[in-house]
Amino acid sequence: MLESIIQNLINALQWGSFYALIALGYTLVYGVLTLINFAHGDVFMVGAYIAFFVATFLLSALGLPGWAALALCIPLTMILTSLVGVTLERVAYRPLRKKGAHRLYVVITALMCGLILEHANLALLGASRKAFPPLIDVQVYTVGGVTFTNLKIAVIVTAFLVFLFLHWVVTRTRVGMAMRAISYDKFAVPLMGIPLDQIIVVTFVLGSGFAGLAGLLFAMSYPVLEPYMGALIGWKAFIAAVVGGIGDIRGAFLGGFLLGAVEIMVVAFFPSTFRDLIAFTVLLAILTWKPTGLFGIAKTTKI
Amino acid sequence: MLQRYSVHLTLGLVGGAIIYSAYQEYLSLYIMSVLMFMGVNVILSTSLNLVNGYMGEFSCGHAGFMCVGAYVSSLLGVWLFARDKVFGAPLLDPEYALYAFPLLIIAGGVAAALAGLLVAIPSYKTRGDYLAIITIAANYIIISTIENIGAIGGSRGFMGMKRLVNSMEDIADLPWMPIWVFAFTVFCVWLMRRYVSSTFGKGVTAICQDEVAAEIMSVNTNKIKTITFMLSSGMAGIGGGLFAYILGYVNPGSFNILKSTEVLVMVYLGGMGSLSGSVLSAILFTILLELLRPLQIIKWIVIPLLLIILMQFRPEGIMGNRELGDLFPRLKKYYRFK
Amino acid sequence: MQTQLPTEQAPVLEIRGLTQRFGGLTAVNDFNVKLMPGELSGLIGPNGAGKTTVFNLVSGFYQPSEGRILIDGIATAGLKPHKVTALGVARTFQNIRLWNDMTVLDNIRVAQHYRLGYGLFHAIARSKRYRRREEEIARESAELLEVFDLQRYADDFPKNLAYGTQRKLEIARALSSHPRLLLLDEPAAGLNSSDIQELIRLVRWIHEKFDVTIWMIEHHMDVMMELCTRIKVIDFGQTIAEGNPETVRNHPAVITAYLGDDVI
């Protein structure tokens, strides 16, 4: 009994780690720009594919051993995925921001960028799924009646480390302070000598970079890639971020794990086809009960 | 007198021409189906414009309501009037399918409106981005629910609607689907125009422009939001029902977020808060989709790109929030647009 | 200015023990007031004193933490704003809240939403009732614009009007529902001196012509002194002085609240 609880807990933590990592990216961008970056889930997908190509190249063309390939793959994937995110920002979002366009137009642009990423992938690489090459030996451990793998533990640990890192950045560094300042008042910030554009770029770098990391880890854990893999995960991670309280990274982190827990619990008791249905319903219920999310602060309009 | 009714006459002529062509089979089945999908798109785009344009909200799950309407009218129709694997023999004489058809479609609309009610209620306390989430989640929930109901085919889909169309043609050999689609399209646009041009309906615009002021100036904002939402989703349900009968087949996968995005594109292309804009963009978009059909996947790169360019350079869409009567004032002689 | 016969009639607005807490902050503290029919009364206080909060409470935007609000004897605390308006309260805002993309005439027409007298069905069916009511409302709205000398702007959009004209329109719109009580929240905000003179004339004229009780928040002292018969001063959510303009002007607590304790 206890074993199955712990087993489910570990599975939930691992599954939720992906949501958490992606949700962090949503919440960072939302906190700074009040923008739902609908393309973020597809940036995750791009990250997974980048990881695929980098890993394949390192393994076959350079003939590196698995662990070395992994060691190089992590930073390369994160950097390249950040580039994708930053390009989106420069090319699609910044011009609208400079024009002072209504937030809605930027959101729609983000949605469209996501679609372009998905279908560009489909067009360029075809509909066939890609198999991610194994980079490390997956060790299975059994403690008590609980089984887990080194990969699963690595994923969970990574998620926590990323969260701690981001928490440190947001609360203790000047960049983080600038990010928080922007979320309060975008117009006053440049007047205080803070380079608005650069801070926004940093935000996208962080968010997209960690989405790329999530993509790599996901590809290692579930080695089948297809172009639509980011869409559903992206939507769910976004809702998880909102349920946790968008704009607050603790909320995103918690929301991601909450969603992971809900889905694992659902699959444990119901047929797996009910997973998405119940997950969305639970999320909606929480949002109805607490519209600003668990960590969210109600923004009152001044009348 | 002729001038005042010139729009009605034109509409009648155009409709008559299309239906006559269908009857005489001047136009291929393909063209006929494109025209019918155009009608459905007009219904979808104008109904979403009610919420996203006139009321200024951001509802992203319109296809979910389509799905509700499609399934309810299909299931009801096949159960009552057709023989099929799921329901067995028809409950009523298939002869009556012709007369019951509008009721079937409206039943789908009513069901979709009720679904819209369920979605509207949690949205009172929230606004903007949160409605986006609620509608996206609702879209997924609706699709996911149907995928789990194996009895009606689940994700494999449901069919049998063609038999009703055949029954209708047995009674009178007319192209019934084009007739019904045309009738309902005109009906929905007519309904919406009457709503938004009345002072009652202008409460919607007031909520959009300043909700606090609307509430203070005696507009019951919750009630108006509910009515508007239900009208919008109800008409999406009507569109969905027609869609199902045109195809003769329905499956939950056709109503996913991609379909919702198509409708979003039509609304923003046409211009938020412009009924004639939504009609125009639906027509243009349907044509564009067909032109891009040979390009398959590129289609879904070109269309988003189009919208991105639109957002950059002409975010208000083709018509902005104006109607045809504002652009061509001489048209006002023929019809009062506002 | 009108003289009142206060104690004979029932008050239009009565507030008893109104307290409003936002988390740890008490914005309004045991606020009491009685406004008699036909009064032109003022509410002043330094920034952040809680004046607009009181108005928001009367309008129905907030649920009071404690206390009672009675409009013509009917308890309204907790009612939604559109219901409060239907009971006879109208208000304007510090920042003009007109519907900028609707015509001036439509602004007046939509403001009478609660007394349209028809619903969705009639709107769509365009029944006799619809046509009669729409005609009546259009006529009454046009008449109101004429009374305020704004009829020439009927088809314009508020965003194209001069600021002073917009303010006048907002007040006219508030009066379209024939309210018993009119709340004006800093009507002189953003107006230049000639507009302010115009505003004083307008408010005085409204007070005489319409059968309405007016309660005004203002920072421009000349407007208050000119128009109000009675002024209430609050600070930190509490009443610190009350009386006619002369009394209030020289009241020590008021001077302290605005200027501080330093001896000049």
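This briefing walks through a predicted model, from chain A to the sheets, domains and contacts of chain C. Chain A is built from 11 helices and 4 strands. Chain C is split into two domains, called domain 1 and domain 2. Chain C also touches chain B, with 29 residues from chain C and 24 residues from chain B taking part.

**Chain A as a whole**

- Look along the principal axes of chain A, and its C-alpha atoms fill a box of roughly 60 × 50 × 35 Å.
- The radius of gyration of chain A is 19 Å, which agrees with the value near 19 Å that a compact globule of 303 residues would have.
- Of the 303 residues in chain A, 50% are buried.
- Take the contacts in chain A between residues at least 6 apart in sequence: 78% of them join residues at least 24 apart.

**One residue to visit in chain A: A131(A)**

- You will find A131(A) in strand β1 of chain A, which covers residues 130-131.
- A131(A) counts as exposed because it has 12 C-beta neighbours inside 10 Å, and a residue with 12 or fewer is classed that way.
- Beyond its neighbours within four places in sequence, A131(A) is in contact with P223(A) and V224(A).
- L225(A) is 94 residues away from A131(A) along the chain, yet 6.3 Å separate their C-alpha atoms.

**The four-stranded sheet of chain C**

- Four strands of chain C make an open sheet with antiparallel pairing, in the order β2-β1-β4-β5.
- At the edges of this sheet sit β2 and β5 (74-75) of chain C, each pairing on one side only.
- Strand β1 (residues 13-22) and strand β2 (residues 25-35) of chain C run antiparallel and are joined by 7 bridges.
- Two residue pairs help you trace that pairing: L13(C) has L35(C) as its bridge partner in β2(C), and I15(C) stands opposite V33(C).
- A hairpin is formed by β1(C) and β2(C), with 2 residues between the strands. In its turn, G23(C) has a positive phi of about 65°.
- Helix α1 (residues 51-59) of chain C lies across β1, β2 and β4 (66-71) of chain C. Relative to β2(C), helix α1 of chain C runs at about 65°.

**The six-stranded sheet of chain C**

- Chain C has another open sheet, made of 6 strands in the order β6-β7-β8-β3-β9-β10, and here the pairing is mixed.
- Its edge strands are β6 (89-91) and β10 (238-243) of chain C, and each of them pairs on one side only.
- From one strand to the next, the twist averages 20°.
- Within this sheet, strand β3 (residues 40-44) and strand β9 (residues 230-235) of chain C pair in the parallel sense over 4 bridges.
- To locate that parallel pairing, look for L43(C), which stands opposite K232(C) in β9(C).

**The two domains of chain C**

- Domain 1 of chain C takes in two stretches, 6-100 and 163-259, while domain 2 of chain C covers 102-156.
- The centres of the two domains, taken over C-alpha atoms, are separated by 28 Å.
- Where the domains meet, domain 1 of chain C gives 11 residues to the contact and domain 2 of chain C gives 12 residues.
- On the domain 1 side of that contact, α2 (81-86) and α6 (163-175) of chain C each supply at least two residues.
- Helix α6(C) provides the largest share of the domain 1 side, with 4 residues.
- By class, the side of domain 1 of chain C that touches domain 2 of chain C holds 5 nonpolar, 4 polar and 2 charged residues.

**Where chain C meets chain B**

- The contact between these chains takes 29 residues from chain C and 24 residues from chain B.
- Four helices of chain C each supply at least two residues of the side that touches chain B: α2, α3 (104-110), α4 (120-125) and α5 (128-147).
- The largest share of that side of chain C, 4 residues, comes from α2(C).
- Sorted by class, the side of chain C that touches chain B has 13 nonpolar, 8 polar and 8 charged residues.
- Helix α2 of chain C appears in both settings: it supplies at least two residues to the domain 1 side facing domain 2 of chain C, and at least two to the side of chain C that touches chain B.

Note on methods
Residues numbered from 1 in each chain as written. Chains lettered and ligands numbered in written order. Predicted model: local features only at pLDDT ≥ 70, side-chain atom pairs only at ≥ 80, totals over all residues. Domains from an automatic or database assignment. Contact = placed C-beta atoms within 7 Å. Nonpolar A, V, L, I, M, F, W, Y, C, P; charged D, E, K, R; others polar. Rg over C-alpha atoms; globule rule 2.2 N^0.38 Å. Buried ≥ 20, exposed ≤ 12 C-beta atoms within 10 Å, placed from the backbone. Pairing = 2+ DSSP bridges. Axes fitted to C-alpha atoms, helices over the stretch in contact; angles between N-to-C directions.
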